[in-house]
Amino acid sequence: GVGRGHRRSSGRRSRTARAELSFSMSHMERLLREGHYTQRLSSSAPIFLAAIMQHLTAKVLELAGNEAQNSGQRHITPELVGLAVHHKALLNGSFGMTPISLVAPDGIVAD
């Protein structure tokens, strides 16, 4: 038998696990299908989309963690995420007019 904590070398692993990602490739594929993008994208598109989303999330959380540390807070709040994105020009431009970009550094809603 297989002991606790040991992974079987054989057996089916999810595509997400095989790609060593945290973000679900199946979920990304479903979103692409629902958005009617599947006819224009290759079968590897969900892999790349999941990897990009994972990387962006890690980067935003890292920057928000730095903001929390700099302001002496112990937790990452939505406001700190907004500050992190606002202070990083490349990320700020990527979010366009999504709600996260509407939070100004001093808590005032941007126009």
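Is I52 buried, partly exposed or exposed? In this predicted model, I52 is partly exposed, at a relative accessible area of 48%. The residue sits in helix α3. I52 also belongs to a nonpolar surface patch, together with I47, F48 and L56. The four side chains form a patch with about 350 Å² of accessible area together. I52 is not counted as buried because its 48% lies above the 20% limit. Nor does I52 count as exposed, because that class starts over 50%.

The overall fold is helical. The protein holds five helices and zero strands. From the N terminus on, the order of elements is α-α-α-α-α. Of the 111 residues, 20% count as buried. The exposed surface of the protein comes to about 8,600 Å². Carbon and sulfur atoms supply 55% of that surface. Contacts were also sorted by sequence separation. Among those between residues at least 6 apart, 25% join residues at least 24 apart.

Confidence varies along the chain. The mean pLDDT of the protein is 78. A value of 70 or more is reached by 70% of the residues. Among the helices, α3 has the highest confidence, with a mean of 91. Helix α5, residues 89-95, has the lowest, with a mean of 68. Over residues 106-111 the pLDDT is below 50. Beyond near neighbours in sequence, this stretch has five contacts in the model.

The interior was examined next. The largest nonpolar core consists of seven residues: V60, L63, A64, V81, A84, V85 and L91. Helices α3 (45-70) and α4 (78-87) each supply at least two of them. L91 touches V60, L63 and V85, and also L56, with residues up to four places away in sequence left out. V60, L63 and V85 are themselves members of the core. L56, by contrast, is listed in the surface patch. L91 thus touches both core residues and a patch residue.

E67 is a further buried position. It is found in helix α3. Its relative accessible area is 18%. E67 counts as buried because this value falls under the 20% limit. The contacts of E67 are L80, L83, A84 and H87, not counting residues up to four places away in sequence. One of these, A84, is a core residue.

T16 is buried as well, in helix α1, with a relative accessibility of 12%. Outside residues up to four places away in sequence, T16 touches L21, S22, F23, S24, M25 and S26. Of these contacts, M25 and S26 fall within α2 (25-34).

Two loop residues stand out in their backbone geometry. Most residues other than glycine have a negative phi. E20 has a positive phi, near 60°. This residue lies in the loop between α1 (15-18) and α2 (25-34). E20 is exposed, with a relative accessible area of 67%. H36 likewise has a positive phi near 60°. Its place is in the loop between α2 and α3. H36 is exposed too, at 64% relative accessible area. Both residues count as exposed because their values are over 50%.

Technical notes. Residues numbered from 1 in each chain as written. Predicted model: local features only at pLDDT ≥ 70, side-chain atom pairs only at ≥ 80, totals over all residues. Heavy atoms only, no water. Core = buried A, V, L, I, M, F, W, Y, C linked by side-chain atoms within 4.5 Å. Buried < 20%, exposed > 50% of the residue type's maximum accessible area, 1.4 Å probe, protein only. Helix = DSSP H or I, 4+ residues; strand = E, 2+ residues; numbered from the N terminus. Contact = heavy atoms within 4.5 Å. Patch = residues over 30% accessible without salt bridge, like charges linked within 9 Å, V, L, I, M, F, W, Y side chains within 5 Å. Areas by Shrake-Rupley, 256 points an atom, 1.4 Å probe, with all protein chains shown as cover. pLDDT = per-residue confidence, 0-100.
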